[in-house]
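Student: I should be grateful for a close look at one part of this model. Please begin with a single detail and then widen the view.

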Amino acid sequence: MEQQEKFEYILRLGDNSLILGQRLGEWCGHGPALEEDIALTNISLDLIGQARSFLDYAGKVEGNGRDEDQLAFFRDVRQYRNVILLEQPNGHFGDTIARQFLYDHYSFLLYSELMKSADEQLVAIAAKSIKEVTYHRRHSSEWMIRLGDGTEESKVKIQESLNYLWNYSGEMLTPDSLDKKALAAGIGVDLEKIAKHWHANVADVLAQATLDLPESGWMHSGGKKGVHSEHLGFLLAEMQHIPRSYPDAKW
Amino acid sequence: MNTALTTDQIMQILTEVKDPEIPVLNVVDMGIVRGVEWKGELLEVTITPTYSGCPAMDVISTNIKTILHKHFGDNVKVLSTLFPPWTTDWLTDDAREKLRAYGIAPPEKGNSDKSLLFAEPKAIACPTCGAQETTKVSEFGSTSCKAHYKCKVCLEPFDYFKCI
């Protein structure tokens with residue numbers, strides 16, 4: 001595997017954490033209850049911390065002197081490598097929880113597998129992150145059950161959120177050529193194996209939540225290659241505007 | 001310049017550096033300092049974050065440099081490592097007692113099944129009145145490392161230092 005390809009692979013990991021972390025940060029001061037406001041922003045903080053570790057490492061692998069901040073703040077939409085699911089707007093609380101639920105079950109399995117990588121630094125980041133993701137996954141799964149097996153209204157709403165976002169879940173679970181190269185090189189994870197466990201685990205929670213498992217059909221994709229939905233540009237504009245307006249600003 | 005100090009003595013000096021968010025604990029109690037090593041005339045101190053996004057890391061790093069500057073001037077480097085990942089099992093018994101006295105319930109020791117999807121933690125004793133009848137309000141609290149609980153007996157809300 002070329003260094004440039006390895007760089008791309010690590011960018012995908014870092015960008016997923018960063019973009020979802022930024023989205024969750026939008027809940028700050030807007031949570032439906034104080035505890036949830038704190039929970040969503042705590043999770044955001046974990047994700048941004050994970051993103052820092054990945055992007056710092058990606059910069060070193062690339063070897064062009066870019067650090068975590070340059071990678072986060074000075075790339076445009078087409079240079080971002082996160083899956084499209086994670087840039088989707090927060091919507092209402094149920095939309096945010098459904099998006100989180102789909103991703104948390106993926107990232108828990110991702111880090112379990114990444115801990116077996118041949119790359120020491122990826123092992124270190126995965127071993128650190130999985131402890132945090134364990135709490136995230138419990139939080140979003142508990143909410144799926146509470147909302148699904150809740151009131152008539154909450155059940156309808158969370159089922160709608162789930163059905164809508166389901167078509168975005170395929171991208172993170174489907175290996176493309178770069179994923180396959182990373183796996184063959186012993187660095188990356190086996191997404192087909194992860195997908196199998198993911199489907200079983202997600203179906204188990206949805207059964208407890210008395211929710212219907214959506215039908216898997218056509219799936220959105222493109223983010224991993226830099227082809228995003230219309231939402232990412234707005235997110236980046238907000239996230240990047242200070243460092244772009246004042247490029248050398250220091251705290 | 002004072003290269004005569006042993007690493008044990010330096011660890012002792014580092015107990016003066018407190019965790020900015022939990023000032024009753026120092027960075028050695030917390031298990032944040034992973035190593036102190038002389039590289040020739042350069043002293044390398046290795047620290048590890050409790051959580052990936054822990055905002056206290058920069059402050060801790062600066063405070064370590066400030067305290068060691070008195071002894072060793074600029075010959076101090078603070079490095080950060082992620083592996084092995086920090087765990088609450090590294091909190092010393094002394095640290096657990098200090099937490100309790102400060103009003104934060106200390107983490108359970110050696111909680112074996114941290115990775116379960118739905119794991120009910122054992123009863124967490126209220127740090128104020130000692131009652132076992134407490135209830136979890138949220139697994140996310142005032143900082144990354146704490147969960148939010150409430151005592152059913154004295155009705156006080158409290159922080160629980162959660163296991164990772």
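**A strand pair and its setting**

Tutor: Lys150(B) stands opposite Pro157(B), a residue of β7(B). This is a predicted model, in which local features need pLDDT of at least 70 and side-chain atom pairs count only at pLDDT 80 or more, whereas totals for chains, interfaces and linings use all residues. Residues are numbered from 1 along each chain as its sequence is written, and chains are lettered from A and ligands numbered from 1 in the order in which they are written.

Strand β6 of chain B (residues 146-151) pairs with strand β7 of chain B (residues 157-161) over five bridges, in the antiparallel sense. Strands here are DSSP runs (E, at least two residues; helices are H or I, at least four), numbered from the N terminus, and two strands pair if DSSP finds at least two bridges between them. Strands of a sheet pair through backbone hydrogen bonds, either parallel or antiparallel.

In chain B, β6 and β7 belong to an open sheet of four strands, ordered β4-β7-β6-β5, whose pairing is mixed. Its edge strands are β4 (104-105) and β5 (134-138) of chain B, each of which pairs on one side only.

Beyond the sheet, chain B also touches chain A: 19 residues from chain B and 24 residues from chain A take part, contact requiring C-beta atoms, placed from the backbone, within 7 Å. The chain B side comprises 10 nonpolar, seven polar and two charged residues; Ala, Val, Leu, Ile, Met, Phe, Trp, Tyr, Cys and Pro count as nonpolar, Asp, Glu, Lys and Arg as charged, and the others, Gly among them, as polar.

Within chain A, Glu5(A), Glu8(A) and Tyr9(A) of α1(A) meet Leu178(A), Lys181(A) and Ala182(A) of α8(A).

Notes. Two residues are in contact if their C-beta atoms, placed from the backbone, lie within 7 Å.
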